[in-house]
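Could you walk me through this structure, starting with how its chains meet and then moving on to a sheet? I am new to this, so plain steps would help.

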Amino acid sequence: MPYDLQVHAEALRTGAAALAEDAARIAATAAQVPPPVPVPRWSAAEAAGSVADGVRYELGAIAGALWDTAGRIRAAGDDYEHSDDRAARRLADAGQARGATSARLATADAAWGVLP
Amino acid sequence: MIAEAAVRPATGHRSEGPRLAGPRDEPAGGLPGRREANADAMSREVVYGRLRATDPARWSTAGASWRALAGPLGQRAADLDGDGIRLADGWSGAAARAAAAGLAAQRRRLQLIRVTCWQVDQALSEFASALARARALLDAATAAARRVGAVIDDRGTLRVAAALDIAPGTAGAASDIAPGTAGAASEIVRGAALGAAPGTAGALLDAALRTAAAADAEAAARLEALAAATVRPGTPPPTAGPPCGAPPADVRRWWDTLTPAQRRWLVVAEPEVVGPLDGVPAAYRDAANRLVLDDRRVALDRAVAAATGATARRLRAQRAGLDALVDRLGSRDGQRAYLLRLDLAGDGRVVVALGDPDRARHVLTHVPGMGSGLATQAHELTHAERVADSANRLTPGEQTSAVLWLDYDAPDVGPEAAGRGLAAGGAAALRRFQDGLRAAHDGPQPRLTVLGHSYGSLVVGAAAARPGLAADAVVFVGSPGVGVDSAARLHAPEVWSTTSLSDPIQYAAVALKSLPGDIALSAAVPGLGPLLAFGRPERDLWFGRNPSDPAFGAHVFASQPGAGHTGYWEPGRPALEALADIAVGWGDVIPR
């Protein structure tokens, strides 16, 4: 796996918001799907209506998928930040632990006359 | 008399209205569409009622609305592109790649819907065109019936409204109306019972109803298939396509092995490949080329912005030509335009069909000449369209499609136009395109006519100089010579030519070998010499014998004396009428 991880969490949130807007626009485009010619009722009119239904369905599905993707990207940005926070805390804790250990060792060393 | 309507007369046929069938046609009653109308599924009465109440323009508008919907969907797809790029700027890694793949998948779904939009538009627009032709036939039937005192009643049957007014022994009473039916004024006569010979009111009525029913059946079938395909994802084909340069017939055979989902996937994934590929049906090529059209416009805008001087002027002219093309592609007037090729290199190459050539009964390929390019395509397309419109009025039962074929490097005005090299290159591409028309055609083979204007006639001549050009007729208009000295050396069943008396091509493009004689004559006869030398058509032109000279052996047809070099397509004038006649295979009535 290539070690190419790079994250700007704010860019993810901005991108997610843009995708959500895309999803809304696509959903709105479904309203522009032309209605069939109503009369006189040729067979082609009914078939055209079926295509229109399919296109509206598909546009709705795409909008839904994008909305879902936007949410996941937003969540990924949050996850990255939480992971960073957790890692920072662990490292900070580790630093404090190292400090305490050093103090204990210094005391022990002093007891054994190691330290000046 | 009933039989007078729409019968092809020996002369003056234009005034007699539309014609049902041509010399090469199936017997009267044959359907123009590929799908036989199911007469049982839709009764004559129902079809008549619907046709009478139909406004074809409403279907044209519906088609245009679907076409227009592809625009905002393209913008949405571009939005997704932009968002993906911005995301990639701030995010990389495995999760970022997964997100990008997901966005690409949704973008592809949007592009597939755009393809659906164009294909619905194609089906509806062709339906509208067929309904308009059916209405023209119905109007002709009504007029023919009226002339013999008959009417078409609400059930789509011919009623002899005043049978007693029809003189005994007339053709209408004696031969066209079934025996035993004509005598009773109140008797209802089914239209189908009338004479089936072309030209009768009954036959016109039959043709109108059959045209409408067949068009409805075909449109419904196409739309039902699209409804099923729309909610299925495109899928990549299992194998690679045909090798580069494969004959169009091989391309078509490969295309036929693909499922609809695979074809749609290819259009979206490989539009640059599918768009110009001869042998692929025009409906798919059109969608592929429309997909790349926006990118081409952006690229041209960038080139214009970066250019200076003469290059900038040339590119701006190309941009204006592209704008005109885009306008025509979106127009709801006339037959639907199919974009079969677009290349911005050089002066630009473009191939546009008006009306689906794969479903038309007659296809005219118009090859323009010197100075042609993307910048001038609108002018040339108008010429092609006028022939098709005239042909469709002539034979409304049979669709004529016209193609502007500008897929060669047409010479600029100047020394370039004196050579044959560009014509030779164009001839090879033209032969391939014509092969593609044959290979991609759906149903019975159409009549193919190839028309070359000016230098384009040399391209057509070069294409026909070898056996195997897929054309039933070649036509030379305003030709500077076609590369051979006799029609007998051209491999085409019909060879036609016209040159207007006022076309300077026959005076200016003289062959070198005739020039010394002309100069000598000019000097030998004071006063009249120059007129005699240069004031009459030359037999030998720059690229060979004048094809409009009787000695060449072509069918020479008259054009209006004042046409000049570019006025052959003036509406209502003899040249345009003759071109329409030739396109539909009706050349035997052209005045010579």
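In this predicted model, chain B and chain A together bury about 3,900 Å² where they meet, with 72% of that area on carbon and sulfur atoms. The size of an interface is often given in just this way, as the accessible area lost when the parts come together. On the side of chain B, the residues that lose the most area to chain A are B:Trp59, B:Trp66 and B:Trp91, which together make up 15% of what that side buries. If you prefer to think in residues, 48 from chain B are in contact with 46 from chain A.

Now look at the polar side of this meeting. There are 3 salt bridges across the interface of chain B and chain A. In one salt bridge, the side chains of B:Arg97 and A:Asp4 come together at 2.8 Å, N to O. The interface also holds 10 residue pairs in polar contact.

Which elements of chain B give two or more residues to the side that touches chain A? They are α1 (44-53), α2 (56-90), β1 (91-92), α3 (94-147) and α5 (201-230) of chain B. Helix α2(B) gives the most, with 15 residues. Sorted by kind, the residues on this side of chain B are 30 nonpolar, 8 polar and 10 charged.

The two chains also share a pair of strands. Strand β1 of chain A, residues 6-7, is joined to β1(B) by 2 bridges, and the two strands run antiparallel. Here you can find A:Gln6 opposite B:Ser92. As a general point, strands of a sheet pair through backbone hydrogen bonds, either parallel or antiparallel.

Next, move along chain B to an open sheet of 8 strands. Reading across it, the order is β5-β6-β8-β7-β9-β10-β11-β14 in chain B, and the pairing is mixed. The edge strands of chain B are β5 (337-343) and β14 (555-556), each of which pairs on one side only. Inside this order, β7 (residues 362-367) and β8 (residues 400-406) of chain B pair in the parallel sense over 5 bridges. To place the two strands by eye, find B:Val363, which stands opposite B:Ser401 in β8(B).

Finally, turn to two helices beside these strands. Helix α11 of chain B, residues 377-394, lies across β6 (349-354), β7 and β8 of chain B, and runs at about 160° to β8(B). Helix α12 of chain B, residues 421-440, packs on the sheet and touches β5, β6, β7, β8 and β9 (447-453) of chain B. The direction of α12 makes about 165° with that of β7(B).

Key
Residues numbered from 1 in each chain as written. Chains lettered and ligands numbered in written order. Predicted model: local features only at pLDDT ≥ 70, side-chain atom pairs only at ≥ 80, totals over all residues. Heavy atoms only, no water. Pairing = 2+ DSSP bridges. Helix = DSSP H or I, 4+ residues; strand = E, 2+ residues; numbered from the N terminus. Contact = heavy atoms within 4.5 Å. Axes fitted to C-alpha atoms, helices over the stretch in contact; angles between N-to-C directions. Buried area = accessible area lost by both parts, 1.4 Å probe. Salt bridge = Lys/Arg side-chain N within 4 Å of Asp/Glu carboxyl O. Polar contact = N/O pair within 3.5 Å; in protein donor to acceptor, adjacent residues only side chain to side chain. Nonpolar A, V, L, I, M, F, W, Y, C, P; charged D, E, K, R; others polar.
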